[in-house]
Amino acid sequence: MNIKINTIKVSALFLGLAALWSCSSDFIERPPEDRYVDANFFKTDDQVLASTAPLYARTWFGYTDKASFPIGDGRAGNYRGGWQNYVRNVTEATEPELRATWSAFFNTVAHCNAVVRNIEAYAGPEVTEGIRNHGLAEARFMRAMAYMYLVRLWGPVPIIEDNTKSLTSTNIRTNTIASVYQFIVRDFEFAAANLPPTPLQTGRITSWSAKGMLAKTYLFMASYHSSGGNRDQDYLDLAKDYAEDVCKNSGLALLEDYWQLFRSQNDNNEEALVSLQWVWNSSYGGGNPLPSQFAYSSDITGFDDGWGGWQGATSDLVKYYIANQRDSIRRKATLFFDNDYYNYMHMRKFDDNGNATFVPLQFEAIQNRSQAPIKKYMPGPPIDNDGKGARQSTDNNTYLLRLADVYLDYVEAILGNNGSTTDADALLYFNAIRERAGMPEVNSITEASLLQEKRIEFAMEHHYWYELLKWYYRDPEAMKAYVGDQDRGDPQVSYVPNTNPKQWTATYPNVEKYPLTDQKLYLPLPAADAAAMPSLTMDPIDYEF
């Protein structure tokens, strides 16, 4: 059974819930009570499963559409192009994408809270205990995911467990970072205990998804609670235990070919622990918007979208690829370089009569556009996707957690507070990542080499900023110095003719460096929400569990 088919695309149950829980753009608001709860709905296993389906894509759309990449990669020095305030570390409280992101996460929280509340109140006797707990676990998992983004982007944020109560409050306060992480752990632990080890339906999360996120959460807590630059060992040990369990006992493995990770035909592969499940022929907000945002030309989408011609990699990221041209498998799956050829991806060509044909894509650098545009999450036109695809809407998944992520988190937990490690497990999983990328094995791992491996493995997957945040927790001055020294200018990349294997050179004509201050580490509260609820600007308080 496939969640895209059975729970989203054709399910009348989902459509009813989408109308029922069409959340307001204001995180503190909720729909009227008679629309928010349907006591007649949660009566069967199918209805309970349908209630969590929007959590796999639709509620995340406001974040994914225009904010995920400038925040996760732009703030981290990988991405440049549109939304340059994030790249320049000068994000303003009035940025529309800022509020869209804030609202998307709190809409996800609100939907999760509604699912929990309604299952507990209205699940009928025909709902099996396993499905009841599965629905609760999915909702609490996705609520924890939303809070993982919120706490890492805004720091102190309000913990809301019941949106029916928030409407009557005029004094919502933010909660401390430590409280938010503790809240996240509780939700992930519940999910780990109540989700099955294999997906109930294709695309749904499992207990391994929750354990992978627990490992990640504890790594952030270990850094946040660091002392003298050293991570907290108790949290490191917890992170190690959970990551080791996933790595050694899940039975999961990396997809053999890195580039295959980002083809729609390989959605929900065994490396995909948590993925957003987009549907190309759904209504607006249900399909993956990234191809239309990233594509450097409409000729590689097949429609009149494709606005990514001005977006691409920074000089700082390109410098790595130029210096490490052996890392071509990951580079070619992540960025287009001049003269790149893809036999599995096509582009539209028009003949003299205006008739369109599709030919294998060969990228040629275009004057006055990004010289290293984004390839990752580009599925190609419908001809490359079994006929699927529409304007501003494809069905290729986006990853929130890959098994490769857990591998490298396991390495990080083993490395701990040591300057380097030759631990056998650390080398095994670290080198598994490198072997797939065609890179040579290493016999020692340092904190710097681990950070670089995470950067390149997940470039343009919107992860790197969060790795830098962990560094800031432990050593803010070093992290700020690193960010401030990144060249975020626009590189000029050129193919070296007649080279085999192909080689490239690059120049960096417009050096752009932007300092990061402590005051700009976290994103500002959206101006409209801060004005509507001034208590949000007060000092955070501990949450009463």
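A residue counts as buried when its relative accessible area is under 20%. Keep that cut-off in mind for the close-ups below, which all come from a predicted model.

**View 1. Phe 106 and Tyr 147 meet edge-to-face.**
Let's start with Phe 106: its relative accessible area is 2%, so Phe 106 is buried. Its partner Tyr 147 is buried too, with a value of 0%. The ring centres lie 6.1 Å from each other, and the ring planes are at 90°. Phe 106 belongs to helix H8 (residues 96–122) and Tyr 147 to helix H9 (residues 129–154), so this pair links parts of the chain that are 41 residues apart.

**View 2. Ring pairs join several aromatic residues into a cluster.**
Step back a little from Phe 106 and Tyr 147 and you will find them in a cluster with Trp 102, Trp 154, Phe 183, Tyr 543 and Phe 545. How many aromatic pairs does a search of the whole structure find? The search finds 38.

**View 3. Phe 61 and Trp 278 form another of these aromatic pairs.**
Here the arrangement is edge-to-face, with 6.2 Å from centre to centre and 75° between the planes. Phe 61 is found in helix H5 (residues 61–66), while Trp 278 is in the loop between strand S2 (272–276) and helix H14 (290–294). The pair therefore ties together parts that lie 217 residues apart in sequence. Are these two residues buried or exposed? Phe 61 has a relative accessible area of 10% and is buried; Trp 278, at 0%, is buried as well.

**View 4. Helices H20 and H21 pack at an oblique angle.**
Two packed helices are described by the angle between their axes and the distance between the axes. For helix H20 (residues 464–474) and helix H21 (residues 476–484), the angle is about 140° and the axes are 6 Å apart. H20 and H21 are therefore oblique to each other. On the H20 side, the contact is made by Tyr 464, Trp 465, Leu 468, Leu 469, Trp 471, Tyr 472 and Arg 474. On the H21 side, look for Pro 476, Ala 478, Met 479, Lys 480, Tyr 482 and Val 483. Sorted by class, the contact of H20 with H21 has 11 nonpolar residues, 2 charged ones and no polar ones.

**View 5. Arg 152 and Lys 332 each sit over an aromatic ring.**
Which ring does Arg 152 lie over? Arg 152 lies over the face of Phe 220, at 5.0 Å from the ring centre. For Lys 332, the charged end is over the ring of Tyr 342, 4.9 Å from its centre.

How values were computed: Residues numbered from 1 in each chain as written. Predicted model: local features only at pLDDT ≥ 70, side-chain atom pairs only at ≥ 80, totals over all residues. Heavy atoms only, no water. Axes fitted to C-alpha atoms, helices over the stretch in contact; angles between N-to-C directions. Helix = DSSP H or I, 4+ residues; strand = E, 2+ residues; numbered from the N terminus. Parallel < 35°, antiparallel > 145°, perpendicular 65-115°, else oblique. Contact = heavy atoms within 4.5 Å. Nonpolar A, V, L, I, M, F, W, Y, C, P; charged D, E, K, R; others polar. Phe/Tyr/Trp six-rings, centres within 6.5 Å; stacked < 30°, edge-to-face > 60°. Buried < 20%, exposed > 50% of the residue type's maximum accessible area, 1.4 Å probe, protein only. Lys NZ or Arg CZ within 6 Å of the ring centre and 35° of its normal.
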